[in-house]
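Hi,

Here is the structure I said I would pass on. Have a look at it first, and then read my notes below.

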Amino acid sequence: MGVIGSAKLLQAVARDSLLPGIGIFAQGAQKTDDPIYAIIVTFVFAQVTMLFDINRIASFVTMTYLMTFLVTNLACFLLKIGSAPNFRPSFHYFNWQTAAAGTLVSGISMFFVDGVYASRVLGVFGVFFFFFLFY
């Protein structure tokens, strides 16, 4: 299921034209719209990663998940303190303090697990941020 889910995500990114040069992955099968090219590339990528050190892969996956939590909490925090009129969270215990605490805990956890990988992931995030900001 992981390969199919990742391939469908790649298909969605290609259909939205978020990254240049990956338009071929937007195509799907005629009847089911399954992303055949994206499934093949995702499968090959998954098989190649099995040749690497599993501890490094686990650290990288942990960093990307923590980065996802950090960015989500940061976005909620900024939307709340910015008084965005369309931001109405339904979580009963949500407030700006919990969003700020989630951002800090995620960031601290990243450096607690592995500072080198945390720095790399933050660097990649910065590159993506400026790419999407000015593209």
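**Helix packing and the main pocket**

H3 and H5 are oblique to each other. Keep in mind that this is a predicted model. The axes of H3 (residues 54–81) and H5 (residues 115–134) cross at roughly 50° and come within 10 Å, and the crossing of H3 past H5 is right-handed. On the H3 side, the residues that touch are Arg56, Ser59, Phe60, Met63, Met67 and Val71, and they meet Tyr117, Ala118, Val121, Leu122 and Phe125 in H5. By type, that contact has nine nonpolar residues, one polar and one charged.

Next, H3 against H4. Their axes cross at roughly 155° and come within 8 Å. Angles over 145 degrees count as roughly antiparallel, so that is how H3 and H4 run relative to each other. H3 passes H4 in a left-handed crossing. The list of contacts is a long read: from H3 it includes Met63, Met67, Leu70, Phe77 and Ile81, and from H4 it includes Trp96, Ala99, Gly102, Met110 and Val113. The residues there split into 14 nonpolar, seven polar and one charged. Met63 and Met67 of H3 turn up in the contact with H5 and also in the one with H4.

Then there is H4 (residues 96–113) with H5: the angle is about 130° and the axes are 5 Å apart, which makes H4 oblique to H5. Met110, Phe111 and Val113 of H4 make this contact with Gly115, Ala118, Ser119, Val121 and Leu122 of H5. Six of the residues are nonpolar and two are polar, with no charged ones. Ala118, Val121 and Leu122 of H5 are in this contact as well as in the one with H3.

Now the empty space. The largest pocket has a volume of about 1600 Å³. Its lining takes in 32 residues, and those nearest the centre are Ser6, Leu9, Phe45, Phe60 and Thr64. Helix H1 (2–15), helix H2 (36–49), H3 and H5 are the elements that each give two or more residues to the lining. Which of them gives the most? That would be H3, with eight residues. The lining as a whole is made up of 24 nonpolar residues, six polar and two charged. Phe60 is worth a click when you open the file: it is among the residues nearest the pocket centre, and it is also one of the H3 residues that meet H5.

Cheers

Notes: Residues are numbered from 1 along each chain as its sequence is written. This is a predicted model: local features need pLDDT of at least 70, side-chain atom pairs count only at pLDDT 80 or more; totals for chains, interfaces and linings use all residues. Side-chain values use heavy atoms; hydrogens and water are left out. Axes are lines fitted to C-alpha atoms, for helices over the stretch in contact, and angles run from 0 to 180 degrees between N-to-C directions. Helices (H or I, at least four residues) and strands (E, at least two) are DSSP runs, numbered from the N terminus. Angles under 35 degrees count as roughly parallel, over 145 as roughly antiparallel, 65 to 115 as roughly perpendicular and the rest as oblique. A crossing is left-handed if the near helix is turned anticlockwise from the far one by less than a right angle, and right-handed if clockwise. Contact means heavy atoms within 4.5 Å. Ala, Val, Leu, Ile, Met, Phe, Trp, Tyr, Cys and Pro count as nonpolar, Asp, Glu, Lys and Arg as charged, and the others, Gly among them, as polar. On a 1 Å grid over the protein atoms alone, a cavity is a set of points where a 1.4 Å probe fits but cannot get out, and a pocket is an open set with protein on both sides within 12 Å along at least five of seven lines; lining residues have an atom within 4 Å of a point. Grid points are joined across faces, edges and corners, and a volume is the space filled by probe spheres set on the points.
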